[in-house]
Amino acid sequence: MFLQRLIKPLPNKQLKFFPSPLSRSKLTPNLQTRLSSLIFSFKSQTLSHRTFCTEIPFSETERYKRDRNAIRDLKIDKQYNEAIEIYLKLRKANTFCEQKLYHMMIEIYGKIGDIETMLSLYEEMKAAGIRPTLRTFNILINELGSAEKYDKMKETFDKMINEYQIKPDVITFHSMVKSYGIRGMVDEMLEVFENSKNFFSPDESMCRSVLVGLNKAGRHDLRQKIHKEIKEKYFPLIKDKTLRGVMVTAYDPHSLY
């Protein structure tokens, strides 16, 4: 009787794990686990399959959370193939996918260089009615830049501003500056750097990437000019040791950071 009352649906048909007078936040972690196990073990006897699948969003089930967290941990550890294996099993069990999981998998597929699948997931996310956010575009821009898909990266940046009216942040510009700088594409890098000033003052990380890019390209004269502007306009008191080291080498035409 206690268990039936514990899992009885609410009047508005919003089924929760603990709709009884008991509050889940007031239970000890051990008791929460034990009660959750009881509910799921007896659900086939107390709830119809249709009620359980339609009244409870799949994103709220313990299995989904467990797999999603496992994918997150594997992504942090750079074990991308293992994360993809769990993701594919999860999607095979249920077609539902939330924005957080889309973001993780878009980034993972980008890290392994599977740009086609990455963009396919992005389109799938939009088709599911999930509106792209700044986080979405930052992931896409960073991975497209790393894969040297510069035309697609610029197209994504333009779409973010013009179509979705999303204001870029320092991460957006830094990803583009770093991508261009590593490949020695100085003109494109400086164009993005100048464009970023229309939104905010460059931070130390972006300035460091600009100077590193100029170093790699051997543009020592231009590097000295940019260095002077950064030091006088943005960082009169430089605290970042790495940035300070790059600026010091700006006066040595033969040194590369």
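Colleague: Let's start where α8 ends. What follows α8, and what is its phi?

Modeller: In this predicted model, α8 is followed by Glu 148, with a positive phi near 65°. Glu 148 lies in the loop between α8 and α9.

Colleague: What makes that phi worth a remark?

Modeller: Glu 148 is not a glycine, yet its phi is positive, about 65°. Most residues other than glycine have a negative phi. Lys 78 also has a positive phi of about 65° without being a glycine, and Lys 78 sits in the loop between α4 and α5.

Colleague: Why is Glu 148 called partly exposed?

Modeller: The relative accessible area of Glu 148 is 45%, and partly exposed covers what falls between under 20% and over 50%, so Glu 148 is partly exposed.

Colleague: And why does Lys 78 count as exposed?

Modeller: Exposed means over 50%; Lys 78 has 62% relative accessibility, so Lys 78 counts as exposed.

Colleague: Back to α8: how do you know that its length agrees with a helix rise of 1.5 Å a residue?

Modeller: The 13 residues of α8, 134–146, should span 18 Å, and the end C-alpha atoms are 18 Å apart, so the two agree.

Colleague: Which elements cover the buried residues of α8?

Modeller: They include α6, α7, α9 and α10. Among the buried residues are Phe 137, Asn 138 and Ile 141.

Colleague: What makes Phe 157 of α9 count as buried?

Modeller: Buried means under 20%, and Phe 157 has 6% relative accessibility, so Phe 157 counts as buried. Beyond its neighbours within four places in sequence, Phe 157 is in contact with residues including Ile 141 and Phe 173.

Key: Residues numbered from 1 in each chain as written. Predicted model: local features only at pLDDT ≥ 70, side-chain atom pairs only at ≥ 80, totals over all residues. Heavy atoms only, no water. Helix = DSSP H or I, 4+ residues; strand = E, 2+ residues; numbered from the N terminus. Expected span 1.5 Å × (residues − 1). Buried < 20%, exposed > 50% of the residue type's maximum accessible area, 1.4 Å probe, protein only. Contact = heavy atoms within 4.5 Å.
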